[in-house]
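Please study the sequence and the model shown below before reading on. The report that follows is written for a reader new to structural description.

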Amino acid sequence: RLRLDIAYDGTEFAGWAAQAGRRTVAGVIDETLSTVFRVPVTVRGAGRTDAGVHADGQVAHVDVPADALRHAYPRSRRPAGEPEFLPLVRRLARFLPADVRIREIVRAPAGFDARFSALRRHYVYRISTAPYGVDPQQARFVTPWPRALDVAAMQAASRTLLGLHDFAAFCRHRPGATTIRDLQRLDWVRDGDQVSVHVSADAFCWNMVRSVVGALLAVGEGRREPGWVAGLLEAQGRSSAFAAAPARGLTLIGVDYPPDEIGRAHV
(Lines give C-alpha, C1' and ligand atoms only; values in the text may rest on other atoms or scores of the structure.)
Protein backbone atom coordinates (compact mmCIF):
# COMPACT_ATOMS: atom_id res chain seq x y z
CA ARG A 1 0.00 0.00 0.00
CA LEU A 2 1.33 3.40 -1.06
CA ARG A 3 0.34 6.82 0.25
CA LEU A 4 0.02 9.58 -2.35
CA ASP A 5 -0.02 13.31 -1.62
CA ILE A 6 -1.93 15.02 -4.43
CA ALA A 7 -2.71 18.51 -5.74
CA TYR A 8 -5.12 19.42 -8.51
CA ASP A 9 -6.94 22.25 -10.21
CA GLY A 10 -10.53 21.04 -10.12
CA THR A 11 -11.88 23.41 -12.77
CA GLU A 12 -12.02 20.88 -15.60
CA PHE A 13 -12.98 17.88 -13.44
CA ALA A 14 -16.40 16.46 -12.55
CA GLY A 15 -15.15 15.99 -8.99
CA TRP A 16 -12.79 13.49 -7.35
CA ALA A 17 -14.70 10.20 -7.52
CA ALA A 18 -14.41 8.05 -10.64
CA GLN A 19 -17.52 8.23 -12.85
CA ALA A 20 -18.09 6.41 -16.10
CA GLY A 21 -17.87 8.74 -19.08
CA ARG A 22 -16.76 11.77 -17.06
CA ARG A 23 -13.34 13.25 -16.40
CA THR A 24 -12.59 12.97 -12.69
CA VAL A 25 -9.42 13.28 -10.62
CA ALA A 26 -9.50 9.68 -9.35
CA GLY A 27 -10.31 8.43 -12.85
CA VAL A 28 -7.29 10.17 -14.37
CA ILE A 29 -4.98 8.94 -11.60
CA ASP A 30 -6.33 5.37 -11.85
CA GLU A 31 -5.69 5.34 -15.59
CA THR A 32 -2.17 6.73 -15.24
CA LEU A 33 -1.14 4.41 -12.40
CA SER A 34 -2.58 1.39 -14.21
CA THR A 35 -0.53 2.31 -17.27
CA VAL A 36 2.67 2.66 -15.27
CA PHE A 37 2.18 -0.50 -13.20
CA ARG A 38 0.64 -2.48 -16.08
CA VAL A 39 -2.12 -3.80 -13.83
CA PRO A 40 -5.48 -2.24 -12.92
CA VAL A 41 -5.25 -0.28 -9.67
CA THR A 42 -7.73 1.97 -7.87
CA VAL A 43 -6.86 5.02 -5.82
CA ARG A 44 -8.81 5.80 -2.62
CA GLY A 45 -8.93 9.41 -1.44
CA ALA A 46 -9.35 11.04 1.95
CA GLY A 47 -12.23 13.17 0.69
CA ARG A 48 -14.48 13.28 -2.35
CA THR A 49 -14.29 16.87 -3.57
CA ASP A 50 -17.13 18.16 -5.74
CA ALA A 51 -16.93 19.24 -9.37
CA GLY A 52 -14.82 22.38 -9.67
CA VAL A 53 -13.27 22.10 -6.18
CA HIS A 54 -9.48 22.14 -5.91
CA ALA A 55 -6.89 20.50 -3.65
CA ASP A 56 -3.31 21.05 -2.65
CA GLY A 57 -3.50 18.68 0.31
CA GLN A 58 -5.46 15.66 -0.89
CA VAL A 59 -4.24 12.30 0.41
CA ALA A 60 -4.93 8.92 -1.16
CA HIS A 61 -3.75 5.33 -0.98
CA VAL A 62 -3.36 2.67 -3.64
CA ASP A 63 -2.60 -1.05 -3.38
CA VAL A 64 -0.05 -2.23 -5.93
CA PRO A 65 0.96 -5.89 -6.39
CA ALA A 66 4.59 -6.41 -5.36
CA ASP A 67 5.57 -7.78 -8.77
CA ALA A 68 4.05 -4.79 -10.55
CA LEU A 69 5.85 -2.41 -8.22
CA ARG A 70 9.22 -4.09 -8.83
CA HIS A 71 8.62 -4.02 -12.59
CA ALA A 72 7.69 -0.33 -12.69
CA TYR A 73 10.36 0.73 -10.28
CA PRO A 74 13.45 -1.48 -9.91
CA ARG A 75 15.29 -0.56 -6.72
CA SER A 76 18.65 -1.06 -8.39
CA ARG A 77 18.09 2.14 -10.37
CA ARG A 78 17.71 4.40 -7.34
CA PRO A 79 20.73 6.54 -6.45
CA ALA A 80 21.98 6.14 -2.90
CA GLY A 81 20.21 8.46 -0.46
CA GLU A 82 17.37 9.36 -2.81
CA PRO A 83 13.79 9.02 -1.45
CA GLU A 84 12.47 5.61 -2.40
CA PHE A 85 9.75 6.67 -4.82
CA LEU A 86 11.16 9.94 -6.16
CA PRO A 87 11.81 8.42 -9.62
CA LEU A 88 8.20 7.22 -9.70
CA VAL A 89 6.99 10.73 -8.84
CA ARG A 90 9.07 12.07 -11.72
CA ARG A 91 7.72 9.42 -14.08
CA LEU A 92 4.12 10.15 -13.17
CA ALA A 93 4.73 13.84 -13.78
CA ARG A 94 5.33 12.97 -17.44
CA PHE A 95 2.15 10.92 -17.73
CA LEU A 96 -0.35 13.00 -15.73
CA PRO A 97 -2.13 16.04 -17.20
CA ALA A 98 -0.96 19.44 -16.04
CA ASP A 99 -3.95 19.96 -13.73
CA VAL A 100 -3.06 16.97 -11.50
CA ARG A 101 0.22 16.44 -9.63
CA ILE A 102 1.26 13.59 -7.35
CA ARG A 103 3.70 15.44 -5.13
CA GLU A 104 4.97 12.61 -2.96
CA ILE A 105 4.71 8.82 -2.68
CA VAL A 106 5.70 6.79 0.38
CA ARG A 107 5.03 3.32 1.68
CA ALA A 108 1.96 3.45 3.89
CA PRO A 109 2.24 2.07 7.43
CA ALA A 110 0.29 -1.03 8.42
CA GLY A 111 -3.43 -0.36 8.63
CA PHE A 112 -3.29 3.02 6.89
CA ASP A 113 -6.44 4.03 5.01
CA ALA A 114 -6.55 7.49 3.44
CA ARG A 115 -10.23 7.91 4.26
CA PHE A 116 -10.88 5.96 7.43
CA SER A 117 -7.59 6.72 9.21
CA ALA A 118 -8.08 10.49 8.82
CA LEU A 119 -8.66 12.50 11.99
CA ARG A 120 -9.83 15.70 10.30
CA ARG A 121 -9.91 17.54 6.97
CA HIS A 122 -9.03 21.19 6.33
CA TYR A 123 -10.47 23.46 3.65
CA VAL A 124 -10.10 27.12 2.75
CA TYR A 125 -12.63 29.15 0.78
CA ARG A 126 -11.33 32.31 -0.93
CA ILE A 127 -13.34 35.35 -2.01
CA SER A 128 -12.44 38.66 -3.65
CA THR A 129 -14.59 41.74 -3.03
CA ALA A 130 -12.43 43.89 -5.31
CA PRO A 131 -14.55 46.03 -7.67
CA TYR A 132 -12.75 44.52 -10.68
CA GLY A 133 -13.32 40.92 -9.51
CA VAL A 134 -10.35 38.55 -9.30
CA ASP A 135 -6.80 38.90 -10.64
CA PRO A 136 -6.41 36.70 -13.74
CA GLN A 137 -3.76 34.49 -12.12
CA GLN A 138 -6.23 33.57 -9.35
CA ALA A 139 -9.47 33.52 -11.36
CA ARG A 140 -9.83 29.73 -11.22
CA PHE A 141 -9.37 29.57 -7.43
CA VAL A 142 -11.10 32.65 -5.99
CA THR A 143 -14.78 33.57 -6.12
CA PRO A 144 -15.55 37.18 -7.08
CA TRP A 145 -18.17 38.74 -4.80
CA PRO A 146 -19.82 41.95 -6.02
CA ARG A 147 -21.22 43.06 -2.66
CA ALA A 148 -19.58 44.23 0.58
CA LEU A 149 -19.20 41.65 3.34
CA ASP A 150 -19.36 42.17 7.10
CA VAL A 151 -16.63 39.79 8.26
CA ALA A 152 -17.35 40.42 11.95
CA ALA A 153 -20.99 39.37 11.49
CA MET A 154 -19.93 36.22 9.62
CA GLN A 155 -17.44 35.38 12.35
CA ALA A 156 -20.09 35.81 15.05
CA ALA A 157 -22.48 33.52 13.16
CA SER A 158 -19.70 30.99 12.61
CA ARG A 159 -19.16 30.50 16.34
CA THR A 160 -22.68 29.09 16.71
CA LEU A 161 -21.86 26.25 14.29
CA LEU A 162 -18.74 25.00 16.05
CA GLY A 163 -18.89 21.63 17.76
CA LEU A 164 -20.82 18.41 17.23
CA HIS A 165 -24.12 19.04 15.42
CA ASP A 166 -26.46 17.61 12.84
CA PHE A 167 -25.64 19.58 9.68
CA ALA A 168 -28.58 18.23 7.67
CA ALA A 169 -29.51 21.77 6.57
CA PHE A 170 -26.11 22.10 4.90
CA CYS A 171 -25.78 18.69 3.26
CA ARG A 172 -27.12 17.16 0.08
CA HIS A 173 -28.92 13.95 0.95
CA ARG A 174 -27.19 10.59 0.60
CA PRO A 175 -29.31 7.53 1.48
CA GLY A 176 -28.16 5.98 4.75
CA ALA A 177 -25.45 8.61 5.38
CA THR A 178 -25.23 10.52 8.66
CA THR A 179 -25.09 14.32 8.66
CA ILE A 180 -23.68 14.60 12.20
CA ARG A 181 -20.25 16.19 12.12
CA ASP A 182 -17.77 17.79 14.54
CA LEU A 183 -16.96 21.23 13.12
CA GLN A 184 -13.68 22.22 14.76
CA ARG A 185 -12.67 25.43 12.99
CA LEU A 186 -14.58 28.14 11.12
CA ASP A 187 -12.49 31.33 10.96
CA TRP A 188 -12.90 34.33 8.65
CA VAL A 189 -9.96 36.57 7.73
CA ARG A 190 -9.94 39.76 5.65
CA ASP A 191 -6.81 41.03 3.91
CA GLY A 192 -7.80 44.08 1.91
CA ASP A 193 -10.20 42.90 -0.78
CA GLN A 194 -9.42 39.25 -0.06
CA VAL A 195 -11.70 37.36 2.33
CA SER A 196 -10.90 33.77 3.34
CA VAL A 197 -12.53 31.27 5.64
CA HIS A 198 -10.72 28.25 7.09
CA VAL A 199 -12.95 25.25 7.80
CA SER A 200 -11.89 22.08 9.64
CA ALA A 201 -13.93 19.07 10.78
CA ASP A 202 -13.57 15.38 11.49
CA ALA A 203 -15.34 14.83 8.16
CA PHE A 204 -17.71 16.65 5.82
CA CYS A 205 -20.92 15.47 4.23
CA TRP A 206 -21.77 16.10 0.58
CA ASN A 207 -21.74 19.84 -0.27
CA MET A 208 -21.35 20.83 3.39
CA VAL A 209 -18.47 23.32 3.19
CA ARG A 210 -19.91 25.28 0.28
CA SER A 211 -23.33 25.33 1.95
CA VAL A 212 -21.96 26.60 5.26
CA VAL A 213 -20.06 29.33 3.40
CA GLY A 214 -23.16 30.22 1.37
CA ALA A 215 -25.28 30.64 4.50
CA LEU A 216 -22.64 32.79 6.16
CA LEU A 217 -22.33 34.98 3.06
CA ALA A 218 -26.05 35.76 3.43
CA VAL A 219 -25.19 37.07 6.89
CA GLY A 220 -22.18 38.98 5.59
CA GLU A 221 -24.33 40.77 3.03
CA GLY A 222 -26.83 41.79 5.73
CA ARG A 223 -29.68 39.68 4.29
CA ARG A 224 -29.77 37.56 7.46
CA GLU A 225 -28.98 38.14 11.13
CA PRO A 226 -26.10 36.14 12.69
CA GLY A 227 -28.53 34.24 14.94
CA TRP A 228 -30.40 32.88 11.92
CA VAL A 229 -27.53 30.48 11.17
CA ALA A 230 -27.84 28.68 14.52
CA GLY A 231 -31.51 28.06 13.78
CA LEU A 232 -30.58 26.12 10.67
CA LEU A 233 -29.16 23.38 12.88
CA GLU A 234 -32.73 22.46 13.81
CA ALA A 235 -33.60 21.55 10.21
CA GLN A 236 -34.21 17.91 9.35
CA GLY A 237 -33.07 18.25 5.74
CA ARG A 238 -31.27 20.47 3.25
CA SER A 239 -32.43 24.08 3.60
CA SER A 240 -33.59 26.07 0.57
CA ALA A 241 -33.15 29.39 2.39
CA PHE A 242 -29.67 29.97 0.94
CA ALA A 243 -27.50 28.88 -1.98
CA ALA A 244 -24.22 27.02 -1.74
CA ALA A 245 -21.17 29.12 -2.55
CA PRO A 246 -19.62 28.51 -6.00
CA ALA A 247 -17.14 25.64 -6.26
CA ARG A 248 -14.22 27.62 -7.64
CA GLY A 249 -13.31 29.28 -4.33
CA LEU A 250 -12.91 26.02 -2.38
CA THR A 251 -9.65 24.13 -1.86
CA LEU A 252 -8.88 21.06 0.26
CA ILE A 253 -5.63 22.07 1.92
CA GLY A 254 -4.82 19.19 4.24
CA VAL A 255 -5.74 16.00 6.07
CA ASP A 256 -4.58 15.02 9.56
CA TYR A 257 -3.62 11.47 10.56
CA PRO A 258 -2.28 9.92 13.75
CA PRO A 259 1.50 10.34 14.08
CA ASP A 260 2.16 6.64 13.40
CA GLU A 261 0.28 6.94 10.12
CA ILE A 262 2.57 9.60 8.61
CA GLY A 263 0.11 12.35 9.30
CA ARG A 264 0.52 15.97 8.36
CA ALA A 265 -1.72 18.99 7.97
CA HIS A 266 -1.21 21.68 5.34
CA VAL A 267 -2.67 24.65 7.19
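This report treats aromatic pairs, salt bridges, a surface patch and some separations between residues.

The model is predicted, so to speak of a local feature a pLDDT of at least 70 is needed, side-chain atom pairs count only at pLDDT 80 or more, and totals for chains, interfaces and linings use all residues. Residues are numbered from 1 along each chain as its sequence is written, and side-chain values use heavy atoms, with hydrogens and water left out.

**Aromatic pairs**

A pair of aromatic rings is described by the distance of the centres and the angle of the planes. Rings of Phe, Tyr and Trp (its six-membered ring) pair if their centres lie within 6.5 Å; planes under 30 degrees apart count as stacked, over 60 as edge-to-face and the rest as tilted. In the whole structure, six aromatic pairs are found. One of them joins phenylalanine 112 and tyrosine 257: the ring centres are 5.0 Å apart and the planes stand at 55°, so this pair is tilted. Phenylalanine 112 belongs to the loop between β4 (100–107) and β5 (120–128), while tyrosine 257 belongs to the segment after β10 (250–256), so the pair ties together parts that are 145 residues apart in sequence. The helices (H or I, at least four residues) and strands (E, at least two) named here are DSSP runs, numbered from the N terminus.

How accessible are these rings? Residues are called buried under 20% relative accessible area, exposed over 50% and partly exposed in between (1.4 Å probe, protein chains only). Phenylalanine 112 is buried, with a relative accessible area of 1%, and tyrosine 257 is buried at 5%.

Another tilted pair is formed by phenylalanine 170 and phenylalanine 242, with 5.6 Å from centre to centre and 35° between the planes. Phenylalanine 170 is in the loop between β7 (163–166) and β8 (180–191), and phenylalanine 242 is in the loop between α6 (226–231) and β10, so parts that are 72 residues apart in sequence are tied together by the pair. Phenylalanine 170 has a relative accessible area of 0% and is buried; phenylalanine 242 is buried as well, at 10%. Ring pairs also link Phe167, Phe170, Trp228 and Phe242 into a cluster.

**Salt bridges**

A salt bridge is a side-chain nitrogen of Lys or Arg within 4 Å of a carboxyl oxygen of Asp or Glu. The structure holds eleven salt bridges, among them the three in this table.

| Residues | N to O distance |
|---|---|
| Aspartate 9 and arginine 140 | 2.8 Å |
| Arginine 147 and glutamate 221 | 2.6 Å |
| Arginine 223 and glutamate 221 | 2.6 Å |

Which parts of the chain does the salt bridge of aspartate 9 and arginine 140 tie together? Aspartate 9 lies in the loop between β1 (2–8) and α1 (25–37) and arginine 140 in the loop between β5 and β6 (143–144), so the parts tied together are 131 residues apart in sequence. Aspartate 9 is buried at 12% relative accessibility, whereas arginine 140 is partly exposed at 36%. Salt bridges that share partners join Asp9, Glu12 and Arg140 into one network.

In the bridge of arginine 147 and glutamate 221, arginine 147 lies in the loop between β6 and α4 (151–159) and glutamate 221 in the loop between α5 (208–220) and α6, so this pair ties together parts that are 74 residues apart in sequence. Arginine 147 is partly exposed, at 43% relative accessibility. Arginine 223, which also meets glutamate 221, is exposed, with a relative accessible area of 54%.

**A positive patch**

Arg44, Arg48, Arg115, Arg172, Arg174 and Arg238 form a positive surface patch. Patches are made of residues with over 30% relative accessible area and no salt bridge, and like charges are joined within 9 Å. Lys and Arg count as positive, and the place of an Arg charge is taken as CZ. Arginine 44 lies in strand β2 (residues 43–45).

**Separations along the chain and in space**

Valine 43 also lies in strand β2 and is buried, with a relative accessible area of 5%. The C-alpha atoms of valine 43 and aspartate 256 are separated by 18 Å, with their positions 213 residues apart along the chain. Leucine 2, in strand β1, is buried at 3% relative accessibility. Leucine 2 and isoleucine 105 are 103 residues apart along the chain, and their C-alpha atoms are separated by 6.6 Å. Glycine 163 is in strand β7 and is partly exposed at 22%.

Note on methods: Patches are made of residues with over 30% relative accessible area and no salt bridge: like charges are joined within 9 Å, nonpolar side chains (Val, Leu, Ile, Met, Phe, Trp, Tyr) within 5 Å. Accessible areas come from the Shrake-Rupley method with a 1.4 Å probe; for residues, only the protein chains shown count as cover.
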